[in-house]
Amino acid sequence: MRDGITLSADIYRPADDGEYPAIVVRTPYLKTSQIIFDTATYFSERGYAVIYMDVRGRGDSDGEFSPYRNDGIDGYDAIEWVAEQPWCTGAVGTMGGSYLGRIQWLTALTKPPHLKAMISAVTPSDPFVEWPTGLPNTQHICWTYMTSGRVMQNIDTVNWEKVYDHLPFVDMDEAAGFHSKIWREEVSHTKRDDWWEKICYQNKFDQIDVPALHISGWYDDEQVGTPLNYMGMTENGGSESARKSQRMLMGPWPHQINRSTKLGDLDFGADSQIDLNAYQLRWFDYWLKGMDNGVMEEPPIDMFVMGENEWRQESEWPLARTNWTTFYLHSKGNANSRFGDGWLTTDLPATAELEETATDQYDYDPKNPVPFITDLISHQIGGPDDYAAIERRDDVLVYSTPPLEEDVEVTGPIKALLYASSNCKDTDFMVKLLDVRPTGFAQRLTDGMVRARFREGMDNPKLMEPDTIYPFEVDCWNTSHVFKKGHRIRIEIASSAFPKYDRNLNTGDVLGQTTEMKVATQTIYHDSEHPSAIVLPIIPKE
């Protein structure tokens, strides 16, 4: 590297001597796994030099690991070194998922001359986009522990349930049995500031001029970044050619994409798992070898529609034919739990047929947060889980449509608008979208949250005035799903989703540093002046 640090790479080349385009993959997860060997062998046997590199401070590479901080310039230096080798044509692409995806964007911002194309999968967003709480995702401490040495640490030896319950948040690393300078520093920066800006990329698409294939799954716990990146580049990419050279693939997958047709209790069918290596090969063949294989003549989006369990091609995101439909909250004042009286219709509250009350209320106690169903390790947070049991709680408000008279497709970004107040200076509001089957199985589709102090932006925290009504916009990410006839559309509202998000202690104190808790009394409003609602992207039948 330019500062004299040496990074270690394994290089896989075709058996025959010659010049080949190259694929650079940089990882903090060590370059020695069987999956890496199989992937590198696949592409090298098809005419590519494949370079797997340990990022700075991990594996065999020198230096100190500081997540994302050095990966832009290190990526530049790696690409340009590869391009100069006698076995390389000078055409270089990058690929990889999760951490490996995000650092491709940070590298692209440095404008390596020989970077010709990217494949960015399950890519994390900028700070606070996925976890708009001012603090890292609770389960991020598991990832921090796993990557806290040069080799992978054994996360199976830690009682993560006990760790996640620990307060104050800032020394959760000590509760896990280690000390992390990285964790302490991340927790100390509780708003979007200059420290975070150094590793942001989603506000800089106009500086990036690279064709990109974006890949994720509807149940990827970092899913929101992929459609955002696709839209960001198609709308604001650094050149017209870049804006027209973006493609997106969305499957019915978790963070570990395309590993199985099954996820939780659901089986999406044999077609849901594809030949992903072949799919990616076509992309690189076009951009790195100049093969006229039709990639750029096809519709830019391949997506899997859950419920129907079929693949479909589309021309834009969101879909141009979307019927943006507002579903309003209603109740008689007792929407608490699935046994309550909450309902969901497209009628404004003032025109609802049934007599109703303008508010619902519940108490949120941080000592007893609403569970988010997930494995405790950080590899995958949540899935198509059944929330029927969680909906027995009185601190979960439940609003459902009547059984549907016909199939309804919802494909696109999901947004909610809540009018709410609290008797506390700060608190959280969570919104979840579910498909309720006639059996009562309440399948989570997607969800989102807002921390009250950040209602005007992650760079502009403002505490609430107790018992004052505020509007809260909640980004519930994206889905593509057909609610079948006889099913019901449901949303849940709560003030916790633990351990997906840290518990708001409701005091308004500095985030992450305290242990004092308060019980918050929350009021959700749904009258004609405060029409709380969720907006669903309904796709008309063709």
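Start your tour at L30: select it and you land in the loop between β2 and α1 (34-44). Keep in mind throughout that you are looking at a predicted model. L30 has a positive phi of about 80 degrees although it isn't a glycine. Is L30 buried or exposed? Buried counts as under 20% relative accessible area, and L30 comes in at 15%, so it makes the cut.

**Stop two: the open sheet**

Now colour the strands. Nine of them form an open sheet, and you can walk across it in the order β1-β3-β2-β4-β5-β6-β7-β10-β11, with mixed pairing. Look at the two ends of that walk: β1 (9-12) and β11 (310-314) stand at the edges with a single partner strand each, so one side of each has no neighbour in the sheet. Turn the view to follow the twist, which averages 20 degrees from one strand to the next.

Next, select residues 88-97 and 115-121. These are β4 and β5, and they pair in the parallel sense over six bridges. For one spot to zoom in on, pick G97, which stands opposite A121 in β5.

What packs on this sheet? Select residues 276-289 and you have helix α11, which touches β2 (20-27), β4, β5, β6 (212-217), β7 (246-251) and β10 (301-305). The direction of α11 makes about 160 degrees with that of β5.

**Stop three: β6**

Stay in the sheet and select β6 on its own. How many of its residues are buried? Six of its six, so to speak of β6 as mostly covered is fair. Show the side chains: A212, H214 and S216 point one way from β6, while L213, I215 and G217 point the other way. In a regular strand, side chains alternate like this between the two faces of the sheet.

Both neighbours of β6 are worth a click. On one side, four bridges join β5 to β6, and the two run parallel. M118 has A212 in β6 as its bridge partner. Six bridges join β6 to β7, again running parallel. There, I215 stands opposite L249 in β7.

**Stop four: a buried serine**

Go to S61, in the loop between β3 (49-54) and α2 (71-83). S61 is buried, with a relative accessible area of 0%. Which residues does S61 touch, leaving aside those up to four places away in sequence? Select T6, L7, S8, D54, V55, R56 and R150 to see them. Then add I5: S61 and I5 are 56 residues apart in sequence, yet 8.3 Å apart in space from C-alpha to C-alpha.

**Stop five: backbone oddities**

Two cis peptide bonds are next. Zoom in on L167 and P168, which are joined by one with an omega of about 0 degrees. P168 sits in the loop between α5 (160-164) and α6 (172-175). Then move to W317 and P318, where the cis bond has an omega of about -10 degrees. You'll find P318 in the loop between β11 and β12 (323-330).

While you're looking at backbone angles, select S337, in the loop between β12 and β13 (343-345). Phi of S337 is near 70 degrees, a positive value in a residue other than glycine. S337 is buried too, with a relative accessible area of 5%.

**Stop six: a pocket**

Switch to a surface view and look for the second largest pocket, with a volume of about 610 Å³. To find it, select F128, V129, P132, M458 and D475, which lie nearest its centre among the 26 lining residues. Which strand gives the most to this lining? That would be β19, with six residues. Three strands each supply at least two lining residues: β16 (408-422), β18 (442-451) and β19 (470-483). Colour the lining by class and you get 15 nonpolar, three polar and eight charged residues.

**Last stop: the cavities**

The model has five cavities of 30 Å³ or more. The largest cavity has a volume of about 180 Å³. Centre your view on D502, R503, N504, L505 and G512, the residues nearest its centre out of a lining of 23. That lining has nine nonpolar, eight polar and six charged residues.

To reach the second largest cavity, at about 100 Å³, select M430, K432, E492, S496 and A497. These lie nearest its centre, and 14 residues line it. The strands β17 (428-436), β18 and β20 (488-494) each supply at least two residues of this lining. By class, the lining of the second largest cavity divides into nine nonpolar, two polar and three charged residues.

Technical notes:
Residues are numbered from 1 along each chain as its sequence is written. Side-chain values use heavy atoms; hydrogens and water are left out. On a 1 Å grid over the protein atoms alone, a cavity is a set of points where a 1.4 Å probe fits but cannot get out, and a pocket is an open set with protein on both sides within 12 Å along at least five of seven lines; lining residues have an atom within 4 Å of a point. Grid points are joined across faces, edges and corners, and a volume is the space filled by probe spheres set on the points. Ala, Val, Leu, Ile, Met, Phe, Trp, Tyr, Cys and Pro count as nonpolar, Asp, Glu, Lys and Arg as charged, and the others, Gly among them, as polar. Two strands pair if DSSP finds at least two bridges between them. Axes are lines fitted to C-alpha atoms, for helices over the stretch in contact, and angles run from 0 to 180 degrees between N-to-C directions. Contact means heavy atoms within 4.5 Å. Buried means under 20% relative accessible area, exposed over 50%, partly exposed in between (1.4 Å probe, protein chains only).
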